Amino acid sequence: MQCDSLWTNIHVATMAEGHGYGELTDAALAVRDGRIAWLGPRAGLPKDLQTRQVHDGGGAWMTPGLIDCHTHIVYAGNRSDEFEARLNGATYADIAQRGGGILSTVRATRAASEDELVAASAPRVRALLAEGVTTLEIKSGYGLDLDSERRMLRAARRIGSELPVTVRTTFLGAHALPPEYAGRADDYVAAVCDTMLPALVREGLVDAVDAFCEHIGFTPAQTERVFAAAHALGVPVKLHAEQLSDQGGAALAARYGALSADHLEWLSPAGIAAMARAGTVAVLLPGAFYFLRDTRLPPVQALRDAGVRIAVATDCNPGTSPLTSLLLAMNMACTLFRLTPQEALAGATVQAAHALGMQEEAGVLAPGKRADFVLWNIARPADLAYAMGFNPSRMVVRHGTVVSSTV
């Protein structure tokens, strides 16, 4: 058996479903052509295994590479002034009247070149990569016109080619109503469906389509128009659903076989049942819950009882979750939403892979999967969700190649 590299003296959390962490102690993992060729107890290594390189894991724990399955990480500008203003007593209405909120990010993003967007976003992405993220979803939605949305998605594609991370792009044209369409939301949705989405799909820039279905966003009927357009083009959908109110968005998303419905603080029993039937993943975003000081918890136990997959992501964005630590998001999911550490790690690996439709490639350590994994200086897997503000990453490997190491 010929391999490119072999990792030994490791403990492995495979995250295989139905097996908790899927723990293997004193294990070994072999890589060939960027994929896992063999995994099991070190004592069971094939006698005929030959390899070009052997890595001693030093007794570290190995997990799948982490997956941040919901981010808005490509944008220009800064909204810390709004954060400070709110804490000094300003309301959201006050900020909006001064031209703040999402439209301030839209103005800055529209004014930025593709190179400037890449340069502004790269430090945020690198912060995630340093913590073991090997796969990242990046949404558009701060351009809100064809040229600006295209520029955001091209920047996202470049991040995937220039940095050691797999990027999945999501077109979020139905994120907010741009100022030039004030009072004409249906006309804007028509532009999203008839002009923007087809052009961006033709250019190979769209892996999925998202929308913000909310009383301050787009109605269920408008959202369904976006989903129907995506369906006609063969592009999977996902949805910002039930964050601020119950608009029935999760059930709508489920009817279209959505990969995920995200946020879900106001999710109803009917929405849960629909997601369970469709296999739609619930993506929890504790960073936004924390930053906005929300009090209504997503119905985690009901999701568990219904067998809905639960993923965890940063929701990195400038307005409601300026978070670039998936490890901290895992801790928040435990402390705020009462996930177990095992659920939190699964939420950032195997369940996040399902939320991106990548379960055949990533999220679990098993022969045939991509060789994306992280070695951690921890005593047990629960430590990853336990320690706040601490990065125990020892080595990050993507497609079988070491991309960062502290040893």
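These are my notebook entries on the strands, helices and ring pairs I looked up in this predicted model.

**Entry 1, the parallel sheet.** I began with the strand order. I find 8 strands in an open sheet, running 5-6-7-8-9-10-11-12, with parallel pairing. Strand 5 (66-68) and strand 12 (310-312) are the edges; each has a single partner strand, so one side of each is left without a neighbour in the sheet. I also looked up the twist: neighbouring strands here are turned by 25° against each other on average, direction ignored.

**Entry 2, strands 6 and 7.** Next I picked one pair from that sheet. Strand 6 (residues 133-139) and strand 7 (residues 166-174) are joined in the parallel sense by 5 bridges. For a register mark I noted Leu136, which sits opposite Val167 of strand 7. What packs on the sheet here? I got helix 6 (residues 185-202), which touches strand 7 and strand 8 (208-213). The direction of helix 6 makes about 150° with that of strand 7.

**Entry 3, helix 4 against helix 5.** I turned to helix 4 (residues 114-130) and helix 5 (residues 146-162), whose axes come within 9 Å and cross at roughly 50°. An angle between 35 and 65 degrees counts as oblique, and helix 4 and helix 5 are therefore oblique to each other. The crossing is right-handed. On the helix 4 side I listed Glu114, Asp115, Leu117, Val118, Ser121 and Val125 in the contact. Helix 5 brings Arg151, Met152, Arg154, Ala155, Arg158, Ile159 and Glu162. Sorted by class, I have 6 nonpolar, 1 polar and 6 charged residues in this contact.

**Entry 4, the antiparallel strands.** Then I went back to the start of the chain. Strand 1 (residues 2-13) runs antiparallel to strand 2 (residues 23-32), with 6 bridges between them. Strand 2 is also joined to strand 3 (residues 35-41) by 6 bridges, again antiparallel. Which residues face Ala30 across these pairings? I found Leu6 opposite Ala30 in the pairing of strand 1 with strand 2, and Trp38 opposite Ala30 in strand 3. The hairpin of strand 2 and strand 3 has 2 residues between the strands, and I noted that Asp33 takes a positive phi near 55°.

**Entry 5, aromatic pairs.** Last, I checked the rings. There are 7 aromatic pairs in the structure. I followed up Phe289 and Phe337: the ring centres are 5.1 Å apart and the planes stand at 75°, so I logged the pair as edge-to-face. Phe289 belongs to helix 10 (residues 286-291) and Phe337 to helix 12 (residues 326-337), so this pair ties together parts 48 residues apart in sequence.

Note on methods
Residues numbered from 1 in each chain as written. Predicted model: local features only at pLDDT ≥ 70, side-chain atom pairs only at ≥ 80, totals over all residues. Heavy atoms only, no water. Pairing = 2+ DSSP bridges. Axes fitted to C-alpha atoms, helices over the stretch in contact; angles between N-to-C directions. Contact = heavy atoms within 4.5 Å. Parallel < 35°, antiparallel > 145°, perpendicular 65-115°, else oblique. Left-handed = near helix turned anticlockwise from the far one by under 90°. Nonpolar A, V, L, I, M, F, W, Y, C, P; charged D, E, K, R; others polar. Phe/Tyr/Trp six-rings, centres within 6.5 Å; stacked < 30°, edge-to-face > 60°.
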